[in-house]
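Student: Could you take me closely through one part of this model, namely how its pieces touch one another? I would like a single connected account.

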Number of protein chains: 2
Amino acid sequence: MNEFELIQHFFTRSACAQGGENISLGIGDDCALLQIPAGQSCAVSTDTLVSGIHFPDNAPAFLLGQRALAVAVSDLAAMGATPIGFTLAITLPQIDADWLQAFSAGLSAMALSCGIGLVGGDTTRGPLAIGVTVMGAVPPQQALLRSGAQVGDLLCVSGPLGAAAAAVPLVLGQVDEHSMTGDTAEQLLAAYWSPQPQLKLGQYLLGQASAALDISDGLLADCGHIAKASHVCLQIQQAQVPVAEAALQLLGESAALQCALSGGDDYQLAFTIAASAVAQLQQHFPSVQVIGQVISGTGVQVVDNNGQPIQQPHRGYQHFE
Amino acid sequence: MNEFELIQHFFTRSACAQGGENISLGIGDDCALLQIPAGQSCAVSTDTLVSGIHFPDNAPAFLLGQRALAVAVSDLAAMGATPIGFTLAITLPQIDADWLQAFSAGLSAMALSCGIGLVGGDTTRGPLAIGVTVMGAVPPQQALLRSGAQVGDLLCVSGPLGAAAAAVPLVLGQVDEHSMTGDTAEQLLAAYWSPQPQLKLGQYLLGQASAALDISDGLLADCGHIAKASHVCLQIQQAQVPVAEAALQLLGESAALQCALSGGDDYQLAFTIAASAVAQLQQHFPSVQVIGQVISGTGVQVVDNNGQPIQQPHRGYQHFE
């Protein structure tokens, strides 16, 4: 089976390539054509996942397909954009029909849940790597940037943090999932492999949040990005940071908190918003939690209940090695 | 220098990241925002080049930057689209400042000549690979598809073919360029490393050509794509195929013709168009040449001056190995 037949068989006919109302031309020509609704802009983002760096070499293909797309679509959520289409650049060490079938099924499952269609791509030989470029539509004046946080705004996150980072020993097979009680292992693995892009929340926040992004590098590092782009300081009350229950069960309070603050891959949204808008927001999205505020200054400050700064051991995303 | 600083230093500040009139938000947020003019669609295409497969491991960084972008923008030309922005997903074995500087300069040179801006991307560690996704704007009803060729149309190419394929022994260092007379080596290497996307021609052909694509896999294979999508036969008069002069000088008539028919990487356009439109077209684009016609049937047929079929030894793109 040559390169062209491979692409056609596994992707062109996959469920995720069945298009959507804003895809006027899908896979099979020199370009795909996407309709951007009048008055809106095309939002674009690219993510690449490399085997052995962003996921273990023996990652299950279905889960990898889900995750590769979710990670990319999460950037659309963070802008408040509505997904339209994505391209897939996949580098494969060999042609393995079973692997491709499972990967394509995982990709299709996530595509369906996000309302996005596969519109093109490229298959090459080499060490396993997956590049996804997503495109969506957003009203440009309301798009959620990193640069609009205002002193006095509150800082919120969309849900519990730390489960994906806590899952890493399980993902690597260093911990036996059967040794865990209840559904802890299941919850942790789901957080890692099937993050849910916060599309509805992102779209709700259009014209409301003053700044937003998705938490991929870790809460502290990502809040640092907002602080830098907005020329403000984000002050986080450590006791208000929602820590995922499964992470607490596996690791205990201290280590789970570290996962929530510095672990990556949560794909929840962090955003700043006027205090007056929070009550109504939480009626629609009960898992949204206020974790701090925007003050003048620079960088990110973590404080205890008395407002005293707490030193953090380290920050930011560590590659999966 | 960590991953973030790397990206910022070499790409965010590069000439190709200086934006354009339709880029309302460039690098640095979760997504970039592109303005698609009213009534137009967003055209999207992705290409990945892998070291050792699509180019030799020791490829000069500047030339590689030029070529990686040209190959992708050529797909916009083939739709008649106007370039707006591109994302770059680059996988690097190590951080080499000199290499990145040269690559970025080559990328910027091609971006400037194509009027396209770098709007985002991703840098990962691994074996060298370059993924480019290009976005542009095109009126959807006039976009140049592969599927519209009509029996009776003429088949044209935008210029001489075969030089890029003939350049491969030079690119691989199997032939010493100093052994060649005149500027043959220079012309061949330019054809391979700096193909010029046929943007002006593609835009001129909007609403005129019935089908079009760019020749990346080789003339015969690519004409086969039009034939299949349009449910017609493309008949090529072998004597009318324009063979690049430098390929003729290096290889002689027979081998140069094979490069023109079956070698890849030319990035000229092949298109079908009503006979009545050709004279005016050639006034604007003198290098356009009629090489055949659309007849009923399937596939691609190469014929001699008496209309007798000529068997071809092989077809299609061979990976660079």
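Tutor: In this predicted model, chain A is divided into domain 1, covering residues 3–138, and domain 2, covering residues 154–303. The C-alpha centres of domain 1 of chain A and domain 2 of chain A lie 25 Å apart, and the contact takes 17 residues from domain 1 of chain A and 17 residues from domain 2 of chain A. On the side of domain 1 of chain A that touches domain 2 of chain A, α2 and β4 of chain A each supply at least two residues, and α2(A) gives the most, with twelve residues. By class, the residues of that side of domain 1 of chain A divide into eleven nonpolar, four polar and two charged.

Turning from the domains to the two chains, 47 residues of chain A are in contact with 47 residues of chain B. The elements of chain A that give two or more residues to the side touching chain B are β2 (32–34), β3 (41–50), α2 (61–79), β4 (82–92), β5 (117–125), β6 (129–138) and β8 (209–214); of these, β3(A) gives the most, with nine residues. The side of chain A that touches chain B has 24 nonpolar, 15 polar and eight charged residues.

Strand pairing also links the chains, for three bridges join β2(A) to strand β3 (residues 41–50) of chain B, and these strands run antiparallel. Ala32(A) stands opposite Val44(B) in β3(B). Both α2 and β4 of chain A thus appear twice in this account, in the contact of domain 1 with domain 2 of chain A and in the contact of chain A with chain B.

Conventions:
Residues are numbered from 1 along each chain as its sequence is written. Chains are lettered from A and ligands numbered from 1 in the order in which they are written. This is a predicted model: local features need pLDDT of at least 70, side-chain atom pairs count only at pLDDT 80 or more; totals for chains, interfaces and linings use all residues. Two residues are in contact if their C-beta atoms, placed from the backbone, lie within 7 Å. Helices (H or I, at least four residues) and strands (E, at least two) are DSSP runs, numbered from the N terminus. Ala, Val, Leu, Ile, Met, Phe, Trp, Tyr, Cys and Pro count as nonpolar, Asp, Glu, Lys and Arg as charged, and the others, Gly among them, as polar. Two strands pair if DSSP finds at least two bridges between them. Domain bounds come from an automatic or database domain assignment.
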